[in-house]
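Trainee: I have a new structure to look at, and I would like to learn how to read its charged and buried residues. Could you walk me through it?

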Amino acid sequence: MSGSKTTPIRRQYLQIKKQYPDAIVLFRLGDFYETFDDDAKVLSQVCDVVLTSRPVGKGQRVPLAGVPYHAVEGYIAKLISAGYKVAIVEQVGDQPVRGLMPREVTRVVTPGTVVEPTLLEEKRNNYLAALVMDGERAGLAYVDITTGEFVTTQLADEDVRTLVTQELERLQPRECLVPEEGPEAGLVTSAFVTPYARWHFDPDTARRALLEHFHTASLAGFGCEGKPLAVQAAGAIVQYLQDTQKTALAQLISLRTYSTSEFMALDTATRRNLELTQTIRSGEKEGSLLGVLDATVTAMGGRLLRRWLNQPLLDIDKLNARLDAVEAFYRDTAARAEVRALLRGLPDLERLT
């Protein structure tokens with residue numbers, strides 16, 4: 001479609017869409033967010049929105065679907081649940097430039113970078129993961145930008161693919177970054193896969209991204225010095241957040257490195273048969289081990305309990321410390337009741353901060 005034959009606002013939209021071809025672009029026009037072309041068809045189908053059309057030039061019309069700005073979160077939730085990225089375009093500035101209000105993408109919402117409370121489960125982490133492989137080694141990192149949890153590990157084994165699959169099954173990330181045209185995507189079966197330019201996983205590039213973010217000269221304090229693939233995965237996450245959710249980077253004040261040898265290995269079949277966090281029949285929490293044990297009164301406690309069940313400890317001292325804490329509250333009914341009463345009034349501090 002010739003630029004000279006289209007309206008200025010159509011040209012503005014096309015320039016933005018060209019920058020975010022893999023996202024559903026919600027374009028703010030007055031009291032509505034509008035979508036056009038194939039994006040409009042997707043919005044109409046996924047969110048049950050009426051599909052109409054809009055004139056964009058002499059004798060030219062394109063598909064159009066719009067949603068009210070005050071209800072946009074619900075529509076974003078449906079698009080994210082269906083596996084789409086969403087780029088939100090807002091009007092910036094108060095003065096028109098050559099008769100047109102300036103607009104730009106203010107944020108990109110992906111399954112792993114959702115921050116709106118209405119789009120999240122209170123007692124479940126929303127993980128963005130990154131995976132990179134090199135022969136019998138793999139690097140896996142994950143982050144929950146709503147709580148600031150940022151973790152990485154390096155796996156090495158003749159059957160490293162099995163280890164990766166087990167960790168992904170444990171984490172259940174909403175989104176996983178993988179190098180473009182790499183074999184990693186084939187291992188991710190329960191998350192939205194986002195191919196990311198391979199240079200983001202380059203060892204030097206990833207390392208530099210982490211050092212610049214944490215303002216340090218070394219990664220030794222984070223435990224991943226000498227673990228190049230762990231660094232590559234973590235560095236890719238930092239770069240991806242810079243591209244999509246710059247404000248989220250302030251939440252990441254530390255990076256923890258762990259080893260899978262610290263925890264009991266549970267394969268996919270075992271997790272399913274034990275019904276740790278969901279039942280075989282319905283796939284719901286109710287009726288699972290987590291559903292039976294979860295008497296937590298805060299969202300933070302609920303997320304912690306889920307993590308503990310998914311990652312059983314092997315360290316006897318740490319296990320005994322947990323059991324001692326349980327015993328202390330079990331024996332002191334008054335203290336237990338008082339603490340639970342106080343906790344009930346506590347907001348979700350992890351996500352609030």
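Mentor: Gladly! Buried means under 20% relative accessible area, exposed means over 50%, and partly exposed lies in between. Keep in mind that this is a predicted model. Take Lys41 as a case: its relative accessible area is 44%, so Lys41 is partly exposed. Asp38, at 52%, is exposed.

Trainee: How do the side chains of Lys41 and Asp38 meet?

Mentor: They meet in a salt bridge, with 3.9 Å from N to O. For such a pair we look for a side-chain nitrogen of Lys or Arg within 4 Å of a carboxyl oxygen of Asp or Glu. Lys41 and Asp38 both belong to helix 2 (residues 37-47), where they sit three residues apart, about one turn of the helix.

Trainee: How many salt bridges does a search of the whole structure find?

Mentor: The search finds 14. One of them links Glu90 with Arg28, whose closest N and O atoms are 3.4 Å apart. Glu90 is in strand 5 (residues 85-91) and Arg28 is in strand 1 (residues 23-29), so this pair ties together parts that are 62 residues apart in sequence.

Trainee: Is Glu90 buried or exposed?

Mentor: Glu90 counts as buried because its relative accessibility is 19%. Arg28 is buried as well, at 18%.

Trainee: Which residues are joined into one network by salt bridges that share partners?

Mentor: Start with Lys285 and Asp294, which form a salt bridge with their closest N and O atoms 2.6 Å apart. Through shared partners, Lys123, Lys285 and Asp294 become one network. Lys285 is partly exposed at 29% relative accessibility, while Asp294 has 15% and is buried.

Trainee: What about charges outside salt bridges? Which residues form a negative surface patch?

Mentor: A patch gathers like charges that take part in no salt bridge. Here Glu136, Asp157, Glu158 and Asp159 form a negative one. Look at Glu158: you will find it in the loop between strand 9 (149-156) and helix 4 (160-171). With 74% relative accessibility, Glu158 counts as exposed.

Trainee: Let me finish with a buried residue. Why does Asn310 count as buried?

Mentor: Its relative accessibility is 10%, and the cut-off for buried is under 20%. Asn310 is part of helix 9 (residues 299-310). Leaving aside residues up to four places away in sequence, Asn310 touches Arg170, Arg271 and Thr277.

Terms used:
Residues are numbered from 1 along each chain as its sequence is written. This is a predicted model: local features need pLDDT of at least 70, side-chain atom pairs count only at pLDDT 80 or more; totals for chains, interfaces and linings use all residues. Side-chain values use heavy atoms; hydrogens and water are left out. Helices (H or I, at least four residues) and strands (E, at least two) are DSSP runs, numbered from the N terminus. Buried means under 20% relative accessible area, exposed over 50%, partly exposed in between (1.4 Å probe, protein chains only). Contact means heavy atoms within 4.5 Å. Patches are made of residues with over 30% relative accessible area and no salt bridge: like charges are joined within 9 Å, nonpolar side chains (Val, Leu, Ile, Met, Phe, Trp, Tyr) within 5 Å. Accessible areas come from the Shrake-Rupley method with a 1.4 Å probe; for residues, only the protein chains shown count as cover. Lys and Arg count as positive and Asp and Glu as negative; His and the chain ends are not counted. The place of a charge is taken as NZ of Lys, CZ of Arg, CG of Asp or CD of Glu.
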